[in-house]
Amino acid sequence: MLLTVAAYMPLLAQHNNMHDKKPTAPGKRVEYDLYIDHLMVNYTGKEKMGMAINGGIPWPVLHFNEGDTAIIRVHNKLKNEETSIHWHGLLLPNEEDGVPYLTTAPIKAGQTHTFEFPLIQTGTYWYHSHTMLQEQSGIYGSIVIHPRGWNESASMKEHVIMLSDWTDENPHEVLRNLKRGLDYYAIRKNSVQSWGEALAKGYLKDRAKTEWMRMPAMDVSDVYYNRFLINGKSDHIFTDAKPGDSLRLRIINGSASSYHWVQYAGGKMKLVAADGIAVQPVEVDKILVAIAETYDIEIKIPDGGMAYEFRATAQDISGYASLYFGNGMKMNAPLLPKLDYFAMMREMNNMGNMADMDMSNMKGMKMEGAHQGHDMGNMKIEDMNMKSDPSMKDMPRDTSMMNMAMDTTSMKEMNMDTMNMQDTAMSNMDMSKMDMGDQSEVTLTYDMLRSPTPTVLNDQLPIREIKLSLTGNMIRYVWSFDNKTLSQSDKIVIRKGENVRMILVNNTMMRHPLHLHGHFFRFLNAQGEYSPMKHTFDIAPMETVTIEFYANEEKDWFFHCHILYHMMAGMARVVSYENSSPNTQVTAKDQKKVFKEDRALYLWGQTKIASDAVFGFANIVGNKGILGSTYRVNYKSKYEFQPDYQRFLDKRQFLSAFIGADIRNTFQVTEDGKQVNRKVGVIGVRYLLPMFVLSEFRVDHRGEVRFQLSRNDMPITKRLRLSLVGNSDWEYNIDFDYNIAKRFYIHASYDSDYKYGAGLTVLW
Ligand SMILES: [Cu+2]
């Protein structure tokens with residue numbers, strides 16, 4: 001029997017009333033105490049400091065029934081650090097939403113904050129810290145709200161499946177590494193896409209084209225993770241699952257920045273709810289769960305007497321977590337093929353052509369099934385009037401962006417090879433489930449999500465249309481909407497009683513899981529009137545998505561990318577109901593703090609300790625400018641410093657102006673052959689040319705001009721980097737760096753002034 005969650009209609013009807021009257025249903029008061037503290041964890045063989053709720057990552061489920069009142073006391077046991085808890089997907093009064101400084105007072109160290117709100121919905125939800133990067137450290141857990149009068153013994157057995165990612169690095173270091181463009185993550189994930197590999201694999205032209213367009217190497221995720229986890233473990237087994245059992249799995253993606261493919265080795269997964277709300281059941285083999293989404297599925301334990309794997313694989317296929325149901329020999333889910341980054345690069349190049357097109361010309365062009373199955377096969381290539389790779393047309397229907405390069409035949413072979421079983425076990429298995437050859441694999445797409453009841457809005461109400469483009473500067477790791485980070489933006493003002501339609505266009509080359517707090521919205525898809533209700537949705541590169549909702553709230557609600565590092569880098573907005581009563585927990589002054597979050601400054605640099613000199617740079621970097629200096633000191637008391645402040649001028653941040661100085665005591669020879677010190681003030685402009693060639697034109701206070709071209713860190717192989725500089729003073733430098741560890745490179749160079757040198761490069 002289906003444990004259906006409430007259809008959205010009663011849910012919204014109740015929601016409409018929630019501020020008018022207290023629920024009168026005889027619900028229970030359900031109390032929880034959550035203690036947030038530091039916790040030593042060991043996922044990789046190394047002790048690392050994480051954060052946890054009640055001593056566990058994740059903290060087990062908060063259970064409620066619809067109609068209950070939640071009373072949750074959050075105790076901050078952290079040392080000198082604020083915290084917060086946001087209840088993701090719950091409809092609740094604004095002050096209970098838990099976004100510090102926006103809706104809810106931050107919970108200071110040593111303090112306790114009590115949340116109290118009625119549960120007016122059912123389904124699978126979760127909660128997490130909304131303070132800085134604490135979620136990555138372990139502050140997240142799940143919420144299950146059963147229907148009124150739910151009877152556990154009379155219902156299908158269920159398990160909550162919390163997916164997450166773990167890094168041994170301090171999350172603040174992760175963000176700084178992303179900002180500085182550290183190569184390490186790409187090297188670990190094997191996603192460098194070097195010129196050498198491009199040449200060897202026949203993608204030289206594509207590589208050149210990417211660099212010509214000043215696009216960084218293709219990737220589907222930013223961070224290298226040490227572990228992926230299901231309920232806090234990378235591998236475990238539920239032995240109490242018996243052959244013939246049916247189970248409901250409540251899947252939550254609580255990762256900080258990993259989408260997960262989920263698969264089940266024991267047959268089809270029957271999808272019954274998305275984001276907590278029931279959908280028309282569909283049977284699928286693969287679901288890409290975006291960050292912060294939830295999906296409820298039903299699975300059967302086959303009679304084969306084996307332990308059947310439920311697997312969650314990171315979208316970049318850099319790792320997976322396993323959970324087995326049952327006893328006996330392990331039956332594994334099919335291994336997903338590694339990504340072919342060069343093939344993806346070729347696709348992206350084609351889409352990049354579109355990115356340069358005026359978006360207004362693209363009306364009517366729809367990339368169907370863009371979520372999960374970025375169904376390139378469905379694209380009307382001819383209509384788009386663009387150059388495209390003819391092979392795109394040949395791609396199978398459920399081929400998605402991330403695995404478009406895989407060959408389906410070899411995939412089937414691979415499935416069979418990786419079943420991880422002995423021949424004798426074959427007879428025990430349900431062969432109908434194994435017959436991959438005849439059965440096409442079904443990957444969930446958003447177009448398959450159908451609400452059981454119509455979700456159309458009242459068409460008599462005024463409509464407010466809001467258009468937002470998703471934008472980002474991948475080189476500088478600044479993420480934004482309409483090229484403005486949260487700190488550079490104003491609130492999006494809406495009015496209670498109107499229908500809000502948001503049209504989102506993803507102009508970046510990455511997927512983003514967008515989440516609107518405190519609301520469910522219709523996600524417009526192929527189901528028309530029956531479009532599903534969601535609180536979080538994925539948007540693929542170059543895709544356009546429309547969501548709409550009846551504005552029945554008040555005050556301010558956060559709308560942001562749920563990739564934690566994108567949110568922190570600026571991809572967020574505040575949706576604000578005009579003429580609201582004041583928030584009782586935060587002031588307008590408090591809210592300024594929210595708007596400052598992406599304005600953090602980062603310090604980083606590079607030091608080369610070489611036989612000829614010690615040199616490098618140090619920078620303090622913000623969203624719009626860089627204060628920094630290059631330096632070079634040799635062992636004969638020669639030195640040079642070139643400090644400057646550089647301010648970006650255009651929205652793509654290719655153009656900048658700078659003011660600074662050039663101070664040196666060396667190598668400037670006058671006509672009579674004497675060396676002179678040069679101490680000059682300089683101003684100039686820099687412009688990033690195609691192929692990532694940085695041009696610089698400067699003039700010093702004596703009126704002397706200099707023109708310089710440089711190309712830094714060109715990947716020759718996975719680990720070898722080439723940097724070139726030359727200028728009109730006939731100074732030049734050729735520099736090789738070979739990566740040997742996260743922040744260390746072996747370095748060799750030839751400089752027109754310092755000649756040959758070799759040594760060690762340290763990134764810091
Ligand atoms: Cu994002």
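These are my notebook entries on a few spots I looked up in this structure, which is a predicted model.

**Entry 1: the copper ion**

I started with the metal. Which protein atoms are the donors of the copper ion? I found ND1 of His-512, SG of Cys-561 and ND1 of His-566, lying 2.0 to 2.1 Å from the copper ion. Along the chain, the donors follow the spacing H-x48-C-x4-H. I then checked where the two histidines sit: His-512 is in strand S25 (residues 512–516), while His-566 is in helix H11 (residues 564–568). They are 54 residues apart, so I noted this pair as a link between distant parts of the chain. Are His-512 and His-566 buried or exposed? Both are buried.

**Entry 2: helix H3**

Next I went to helix H3, residues 171–180. I'd call it mostly covered, since eight of its 10 residues are buried. My list of the buried ones reads Pro-171, Val-174, Leu-175, Arg-176, Asn-177, Leu-178, Lys-179 and Arg-180. Charged residues are on that list too, including Arg-176 and Lys-179.

What covers them? The cover includes helix H2 (134–137), helix H4 (184–189), S22, H11, strand S32 (602–610) and strand S43 (755–763). I had met H11 already, as the helix that holds His-566.

I looked at both ends of H3 as well. At the N-terminal end, Asn-170 acts as a cap, with a side-chain oxygen 2.8 Å from the backbone nitrogen of His-172. After H3 comes Gly-181, and its phi is positive, near 70°.

**Entry 3: helix H6**

Helix H6 spans residues 204–212, and its buried residues are Asp-206, Arg-207, Thr-210 and Glu-211. Why do I put these four on the same side of H6? Because they cover an arc of only 135° around the axis. That reminded me of a rule: an α-helix has 3.6 residues a turn, so residues three or four places apart point the same way. On the face turned away from the buried side I found the exposed residues Lys-205 and Trp-212. Just after H6, Arg-214 takes a positive phi of about 60°.

**Entry 4: aromatic rings**

How many aromatic pairs does the structure hold? There are 19, and I picked two to look at. I described each by the distance of the centres and the angle of the planes.

My pick number one was Trp-87 with Phe-115: the ring centres are 5.2 Å apart and the planes are at 80°, so I wrote down edge-to-face. Trp-87 lies in strand S5 (residues 86–88) and Phe-115 in strand S6 (residues 112–118), so this pair ties together parts 28 residues apart in sequence. Both residues are buried. Trp-87 and Phe-115 also belong to one aromatic cluster with Phe-117 and Tyr-127.

The other pick was Phe-481 with Phe-559, and this pair is stacked, at 5.7 Å centre to centre with 20° between the planes. It links distant parts of the chain, with Phe-481 in strand S22 (residues 478–481) and Phe-559 in strand S30 (residues 556–561), 78 residues apart. Phe-481 is buried at a relative accessible area of 0%, and Phe-559 is also at 0%.

**Entry 5: charges over rings**

Last, I looked for arginines over tyrosine rings. The charged end of Arg-311 sits over the ring of Tyr-320, 3.9 Å from the ring centre. Arg-450 lies over the face of Tyr-530, at 4.2 Å from the centre of that ring.

Note on methods: Residues are numbered from 1 along each chain as its sequence is written. Side-chain values use heavy atoms; hydrogens and water are left out. Buried means under 20% relative accessible area, exposed over 50%, partly exposed in between (1.4 Å probe, protein chains only). The arc is that of the directions from the helix axis to the C-beta atoms. Rings of Phe, Tyr and Trp (its six-membered ring) pair if their centres lie within 6.5 Å; planes under 30 degrees apart count as stacked, over 60 as edge-to-face and the rest as tilted. A charge sits over a ring if NZ of Lys or CZ of Arg is within 6 Å of the ring centre and within 35 degrees of the ring normal. Donors are N, O and S atoms within 2.8 Å of the metal (3.2 Å for Na, K and Ca); water is not among the atoms, so sites may look incomplete. Contact means heavy atoms within 4.5 Å. A polar contact is a pair of N or O atoms within 3.5 Å; within protein, one must be able to donate a hydrogen and the other to accept it, and residues adjacent in sequence count only if both atoms are side-chain atoms.
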